[in-house]
Amino acid sequence: MTTAPPITDTTVALRQSLARGPLGTALLDIERAHRGLASWQDVHRQLAKVHPLIDGDEASLFLGAPAMTYVLHLAAGDSGRYAGALHTLDGLMAAHTRRRLAAAHARIDQGRYAAFSEYDLFRGLTGLGALLLRRQPESDETRLVLEYLVRLTEPVTGPTGEQRPGWWVSHSPVSNPAATPGGHANAGIAHGITGPLALLALAKRRGVTVNGHDAAMVRICRWLDGLRQSDHHGTRWSRWISEAGPAPAVPDTPSWCYGTPGLARAQQLAGIALGDEDRKRMAERALLHCLANEQQLDLLANRGLCHGVGGLLRTVQRVAEDAENSNRLTSWLLHAPQRFLLAEAPQDPGFIEGAAGAALAFQGVEPDAESVTDWDACLLLI
């Protein structure tokens, strides 16, 4: 197992991208191979092309060595497959995580604002924590990531003395820098604080906790309550809060990454972990209202996981598994394939917005077709 120097060629990054490259498409092949529908030799040939692995500061759950670790872990399942490679990668992961944690704590000690790349699911420590929770739940590194996330939820003092959430970033959530002048605190599961909330909740469900664990979850939940709006359209949350206040909480695309589905699943998990039945029920009702709003569902234009119907399907499945009354959710899923097939098919073969992820989501709602792998652990749904 070899590692690569810092990225200088975008084709190298694409080849090692879980979101868009062959590592992501391998997740579909691995699921099919576990079912006996594809060849393990084909899987191995595909993965053997992905080298040398990126292990610099830019490596993450969705890029380079951590992404390969995630893919091989799913491929191994309960077998001894890839044991040698995974042993080597475990060591790389531990060292990489500790480096990232040291930089994050140094940043907090210096009183500087965070960045998505430090803490989020796609590029940051939440993503590394999701991998560690799957791969090495009892490791020191797993607990250290959770301790960092607890610290991330503690308020910080802005330049003029105002109190801000610890995950406040100085940059914009989108390509338009004018969207949040002065920075913002993000609510989404992909780049915002709902990702850490889901990870903390999932860790507690597995019996892995650290000092301040529950307090951190409660802190996030109360902050989300401040962004929540309920009316005849249902319950929804602002995407972020900036110096100008919360973004409008309008009926929006019901996507996994920013919309009601991802926020509902994370808060359902938090409600379960905290024993907060009211929050759990609120989250489930919010998703049901979302699913009943045809105009809102029509905003999903494609089949992808991040912004499309595929992500909604998988999120509804996971919420239904833990719901107090899953009948309405499972009933909706019976008719969901029609909506999926009417949506635009992805041209990209990849995972997060492409055909591989869409196929994984779709096959999960086919009759008697339960997933063999928890491929959606990288989405913090389980």
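**Backbone oddities, buried glutamines and a pocket**

L380 is buried, with a relative accessible area of just 1%, in this predicted model. That puts L380 well under the 20% cut-off for calling a residue buried. The residue sits in the segment that follows α16 (355–363). Its backbone is a bit unusual too: L380 is not a glycine, yet its phi is positive, at about 65 degrees. Most residues other than glycine have a negative phi, and most peptide bonds are trans.

Y82 shows a similar quirk. Its phi is near 65 degrees, again a positive value in a residue other than glycine. Y82 is part of the loop that links α4 (65–76) to α5 (83–109). With a relative accessibility of 18%, Y82 counts as buried, because the cut-off for that label is under 20%.

The other backbone surprise involves a proline. The peptide bond running from H51 to P52 is cis, and its omega is near -10 degrees. P52 belongs to the loop between α3 (40–48) and β2 (53–54).

P52 turns up again among the contacts of Q16. Q16 itself lies in a loop, the one joining α1 (10–15) and α2 (22–34). How buried is Q16, in terms of relative accessible area? The value is 0%, so Q16 is buried. Setting aside residues up to four places away in sequence, Q16 touches L23, V50, P52, L53, I54, F62, L63, G64 and A67. S39 is another story: Q16 and S39 are 23 residues apart in sequence, and their C-alpha atoms are 21 Å apart in space.

A second glutamine, Q46, is located in helix α3. Which residues does Q46 contact, leaving aside its neighbours within four places in sequence? They are P22, T25, A26 and D29. Q46 has a relative accessible area of 17%, and therefore counts as buried.

Finally, there is some open space to look at. The second largest pocket holds about 350 Å³ of space. Its lining is made up of 16 residues, and the closest to the centre of this pocket are S17, A19, R20, F62 and F122. One of these, F62, is also on the list of residues that Q16 touches. Sorted by class, the lining of the second largest pocket comes out as eight nonpolar, four polar and four charged residues.

Terms used: Residues numbered from 1 in each chain as written. Predicted model: local features only at pLDDT ≥ 70, side-chain atom pairs only at ≥ 80, totals over all residues. Heavy atoms only, no water. Helix = DSSP H or I, 4+ residues; strand = E, 2+ residues; numbered from the N terminus. Buried < 20%, exposed > 50% of the residue type's maximum accessible area, 1.4 Å probe, protein only. Contact = heavy atoms within 4.5 Å. 1 Å grid on protein atoms, 1.4 Å probe; cavity = no way out; pocket = protein on both sides within 12 Å on 5 of 7 lines; lining within 4 Å. Points joined across faces, edges and corners; volume = space filled by probe spheres on them. Nonpolar A, V, L, I, M, F, W, Y, C, P; charged D, E, K, R; others polar.
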